Amino acid sequence: MRIFALIAGGAVAVLAAFGMLAESSGSASPDPGVRVASVRTTTSAPGKATVRTSLLKVGGKSYLSARVTSAYGTARRFTVKQRVCAASTCRTVPVALTVGAGMTGWQERYLGTGSYRKSGAPSVSATTPPAVPAAPVPAPVPAPTVTVTVRETVRETVTVTATVTATVTAPAPVAGPVPGTEDTLCGAPANAYGFTFCATGARVYAPATEACLVFDCIDNFPKGEGYLVMCKDGKVSMSGGLPGVCSYHNGWSRDIYRFAT
């Protein structure tokens, strides 16, 4: 009996060590520049999406990180809901993100200062992201209409009198820029995801796969671990803030931001 108890105790210790290893494997922060003080992870797999939520604590500030792996054949807009508690107060926190077909994406949501804990498993819903609105097409300009009347009178003195009447229709005005698109995005293309060239927005960190629905992405875009930038060849990359940003695309051109949602 004593030998059996020793063997059982060793097995429990091994299982406990394995559980700690399994939890630490999901503790990496989505932002390589963030140092994670503590992580608690919960995983859910409803249907065609695998969801994992983590609590990150950095410098006394707590964040909820949601990571979604999609098995859909097209891009989907996911809303992950996780119930979190601070002391005796609990609330449900939603995190929204767009993930491309067969890809993995994550997004962080600031909770506040102090310590938080999760209550229950996360839930997730998926919808089709809105289509990018087409650019307005200017109205066609009609060709001007010209009416010419010629009257000719012939006399013995061979006098010719000519009268010309011309009617010209002014062209219709050409449609100008639509409010809420180019003029308010500092030159960025019109889009439904909040991307802008205006520095008043927030930087966009990995993965931000919906950027490829608006801009021309480089080939290894999903492997980027920085923030969203545009290279001088017009393509976008997630290498912002990293050494060698846009090194194979003629160098860095500008940062791309997103309005707060």
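This report walks through the strands, some individual residues and one pocket of a predicted model.

## The protein as a whole

Let us begin with the broad picture. The protein has 261 residues, and buried residues make up 31% of them. Its secondary structure consists of one helix and 14 strands. The accessible surface comes to about 16,100 Å², with 58% of that area belonging to carbon and sulfur atoms. If you look at the contacts with a separation of 6 or more, 48% of them are between residues 24 or more positions apart.

## Two hairpins

A good place to start tracing the chain is strand 2, which covers residues 49–58, and strand 3, which covers residues 61–70. These two strands run antiparallel and are joined by ten bridges. One pair to find on screen is leucine 55 and its bridge partner in strand 3, leucine 64. Two residues lie between the strands of this hairpin, and glycine 59 takes a positive phi there, near 55 degrees.

Strand 4 (residues 76–86) and strand 5 (residues 89–99) come next, pairing in the antiparallel sense over eleven bridges. Here glutamine 82 has valine 93 of strand 5 as its bridge partner. This hairpin, too, has two residues between its strands, and alanine 87 takes a positive phi near 60 degrees. As background, most residues other than glycine have a negative phi.

## Two alanines and a proline

Which residues does alanine 66 touch, leaving aside those up to four places away in sequence? They are Arg52, Thr53, Val80, Val95, Leu97, Gly105, Trp106 and Gln107. Alanine 66 lies in strand 3. With a relative accessibility of 1%, alanine 66 counts as buried, because the cut-off for that class is under 20%.

Alanine 101 sits in the loop between strand 5 and strand 6 (104–113). At 39% relative accessibility, alanine 101 counts as partly exposed. Not counting residues up to four places away in sequence, alanine 101 touches Tyr72, Gly73, Thr74 and Ala75.

Further along, proline 222 is placed in the loop between strand 10 and strand 11 (227–231). Proline 222 is exposed, with a relative accessible area of 53%.

Each of these three residues can be paired with another one along the chain, as the table shows.

| Residue pair | Separation along the chain | C-alpha distance |
|---|---|---|
| Alanine 66 and glycine 105 | 39 residues | 8.4 Å |
| Alanine 101 and alanine 71 | 30 residues | 6.6 Å |
| Proline 222 and alanine 208 | 14 residues | 8.7 Å |

Glycine 105 is also among the residues that alanine 66 touches.

## A three-stranded open sheet

Strands 9, 14 and 10 form an open sheet in the order 9-14-10, with antiparallel pairing. Strand 9 (195–196) and strand 10 (202–203) stand at the edges; each has a single partner strand, so one side of each is left without a neighbour in the sheet. Two bridges connect strand 9 with strand 14 (residues 257–258) in the antiparallel sense. Within that pairing, phenylalanine 195 has arginine 258 of strand 14 as its bridge partner.

## Two cysteines with positive phi

Two cysteines deserve a look at their backbone angles. Cysteine 186 has a positive phi of about 55 degrees although it is not a glycine. Cysteine 246 also has a positive phi, near 55 degrees, and is likewise a residue other than glycine.

Where are the two cysteines found? Cysteine 186 is in the loop between strand 8 (123–127) and strand 9, while cysteine 246 is in the loop between strand 12 (236–240) and strand 13 (252–255). Their relative accessible areas put them in separate classes: cysteine 186 is partly exposed at 42%, whereas cysteine 246 is buried at 4%.

## The second largest pocket

Finally, the second largest pocket holds about 210 Å³ of space. How many residues line the second largest pocket? There are 16, and those nearest its centre are Ile218, Asn220, Ser237, Ser239 and Gly244. Sorted by class, the lining has eight nonpolar, seven polar and one charged residues.

Conventions:
Residues are numbered from 1 along each chain as its sequence is written. This is a predicted model: local features need pLDDT of at least 70, side-chain atom pairs count only at pLDDT 80 or more; totals for chains, interfaces and linings use all residues. Side-chain values use heavy atoms; hydrogens and water are left out. On a 1 Å grid over the protein atoms alone, a cavity is a set of points where a 1.4 Å probe fits but cannot get out, and a pocket is an open set with protein on both sides within 12 Å along at least five of seven lines; lining residues have an atom within 4 Å of a point. Grid points are joined across faces, edges and corners, and a volume is the space filled by probe spheres set on the points. Ala, Val, Leu, Ile, Met, Phe, Trp, Tyr, Cys and Pro count as nonpolar, Asp, Glu, Lys and Arg as charged, and the others, Gly among them, as polar. Helices (H or I, at least four residues) and strands (E, at least two) are DSSP runs, numbered from the N terminus. Buried means under 20% relative accessible area, exposed over 50%, partly exposed in between (1.4 Å probe, protein chains only). Contact means heavy atoms within 4.5 Å. Accessible areas come from the Shrake-Rupley method with a 1.4 Å probe; for residues, only the protein chains shown count as cover. Two strands pair if DSSP finds at least two bridges between them.
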